[in-house]
Amino acid sequence: MGPTKGDTVTDQQVENQAGFESTDWETEFDHFSPVYAADPYPIWRDLRERRVIARSSRFRGMWVPTSHRDIVAVANDPATFSSRSPIIAAYGALADFRLEVPPISSDPPYHTEVRRLLLPFFGPKRINAYQPQVEELAHALIDQFIGDGRCDAATQFARFIPVRIIASMLGVPLEDESLFLGWVHQLLEVAPTNFEQAALGLMDFFSYFLTQVQARRTEPRDDLISFLLEARLGDRPLNDQEILGMCLLLLLAGIDTTWSAIGATIWHLAQHPEQRQYLRENPDCWPIAREEFLRAYAPVTMAREVNVDTEVLGCPMKAGEPLLLPFPAANRDPEVFPDPDTVDLNRSENRHLAFGVGIHRCLGSNLARMELETAVRVFLDRIPEFELEDPDAVRWSVGQVRGPRVLTLVFPT
Ligand code: HEM
């Protein structure tokens, strides 16, 4: 099957193009701009072609490389680029507020120890055991709207898959899923530009999870929180701050990311009937197709903090300055991926960076891949024909995790 062009040009994208022209992305890069959220591709392309590293005064002089080469170089150099503040806030560095979410916010040697401790929980065998639960959940969600001929695939389908699975792994009540989804939005989309919301969200989160931790101290269960309570770093147990930080990381990393990947894949397929048919008729091609969806619509942008004065592409970077690491931009670099804006379901040479690269490479990649493939496969089996109700009404999240948050589809009943 031949490749198909990724995006259709909509009125919204034309408007965005106008916004794109009026913003100086080289000096005022803003990943919270709705223009960027709706269509970041021309922005990355332009910066990459001009071989410039962008900056932003809104985010404390943040640097933004966009080429595959520069992004890999930064990610592979943790001594020069620290992970201590993996989310960039407009008002200050996370590390200054002592907010730690290990292992993603830590550097070696501590990072190595914490990562080693979590690894067994995310191995393929353990993760594959959740596959039937994901499949059953996908069917149950679809049962609720299949008769309506219409659904919001972001809010009625995609978001519930990862939230329910990570809630069962952590062992927290599924009935509280709206709380978890609320924190994800508050902490990832609002908090980086609003200190008060950051403080309120974190307080709510920590008081909820502290109760969960205390309950397991008196009565251990078979879940991830109890596992963390039993775990040892060298010869000591984890302290409460470490346990709560890991719960926060797993909740945020486990929900928004996969929700975004499932939503973006469905958004793409809504516009490509020939690829839907190809996937249904050739289920064996899923592993390659899945990687192509992850490459083209990689949802996660990370961040680093310059640790020692350095220079990238002639830019003098000073210790303490934040740096945005848009892995999704690297995935669209034509030097590594020929015809990068085309979604080619047979792209076999595909060493994409959706899960990052280097020592922090995603621990949840087995889980994310399984959830993405299972959810979209079931969706296609049950609803073979569907399209966007109104392409201009699709809304994408802002900030460091990008995916559709309003995705209304129509389909025959
Ligand atoms: C499509 C879904 C996902 C994407 C695209 C994604 C992407 C990423 C990326 C790019 C990193 C690297 C961070 C860095 O370099 O600073 C990362 C790290 C991480 N991810 Fe994911 N992720 C996904 C799903 C998940 C899930 C489901 C979980 C677990 C529940 C998870 C847990 C983690 C953890 C714990 C780390 C930190 C690893 C370390 O610091 O050593 N991720 N992820």
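This is a short tour of a predicted model, taking in one helix, the ligand shell, a loop residue and a sheet.

## Helix α7

Start with α7, which covers residues 131-145. Does its length fit its residue count, and what are the numbers? At 1.5 Å a residue, its 15 residues should span 21 Å, and the end C-alpha atoms sit 22 Å apart, so the two agree.

Now for its sides. The buried residues of α7 are V134, L137, A138 and L141. They cover an arc of only 100 degrees around the axis, which means they sit on the same side of the helix. Turn to the face pointing away from that buried side and you meet the exposed residues P132, E136, A140 and D143. As for partners, the buried residues of α7 pack against three helices: α8 (153-158), α9 (160-170) and α17 (365-382).

## Around the ligand

The ligand is surrounded by 28 residues. G254, G356, C362, G364 and A368 are the closest of these. By type, the shell splits into 20 nonpolar residues, seven polar ones and one charged.

Which helix gives the most to this shell? That's α13, with seven residues. Helix α13 spans 240-270, and both α13 and α17 supply at least two shell residues each. So α17 turns up twice in this tour: the buried residues of α7 pack against α17, and α17 also contributes to the ligand shell.

## S106, a residue in a loop

S106 lies in the loop that runs between β4 (81-82) and α5 (110-118). Is S106 buried or exposed? It has 23 C-beta neighbours inside 10 Å, and therefore counts as buried.

Leaving aside residues up to four places away in sequence, S106 touches S83, H111 and V114. A95 is eleven residues from S106 along the chain, and their C-alpha atoms are 9.9 Å apart.

## A three-stranded sheet

Strands of a sheet pair through backbone hydrogen bonds, in either a parallel or an antiparallel way. Here, three strands make an open sheet in the order β5-β16-β13, with antiparallel pairing. The edges are β5 (150-152) and β13 (387-388), each of which pairs on one side only.

Take a closer look at the β13 edge. Two bridges tie β13 to β16 (residues 408-410), and these strands run antiparallel. Which residue of β16 does L388 face? L388 stands opposite L409.

Methods. Residues are numbered from 1 along each chain as its sequence is written. This is a predicted model: local features need pLDDT of at least 70, side-chain atom pairs count only at pLDDT 80 or more; totals for chains, interfaces and linings use all residues. Helices (H or I, at least four residues) and strands (E, at least two) are DSSP runs, numbered from the N terminus. The expected span of a helix is 1.5 Å times one less than its number of residues. A residue is buried if 20 or more other C-beta atoms lie within 10 Å of its own, exposed if 12 or fewer, and partly exposed in between; C-beta atoms are placed from the backbone. The arc is that of the directions from the helix axis to the C-beta atoms. Two residues are in contact if their C-beta atoms, placed from the backbone, lie within 7 Å. A residue is near a molecule or strand if its C-beta atom, placed from the backbone, lies within 6 Å of it. Ala, Val, Leu, Ile, Met, Phe, Trp, Tyr, Cys and Pro count as nonpolar, Asp, Glu, Lys and Arg as charged, and the others, Gly among them, as polar. Two strands pair if DSSP finds at least two bridges between them.
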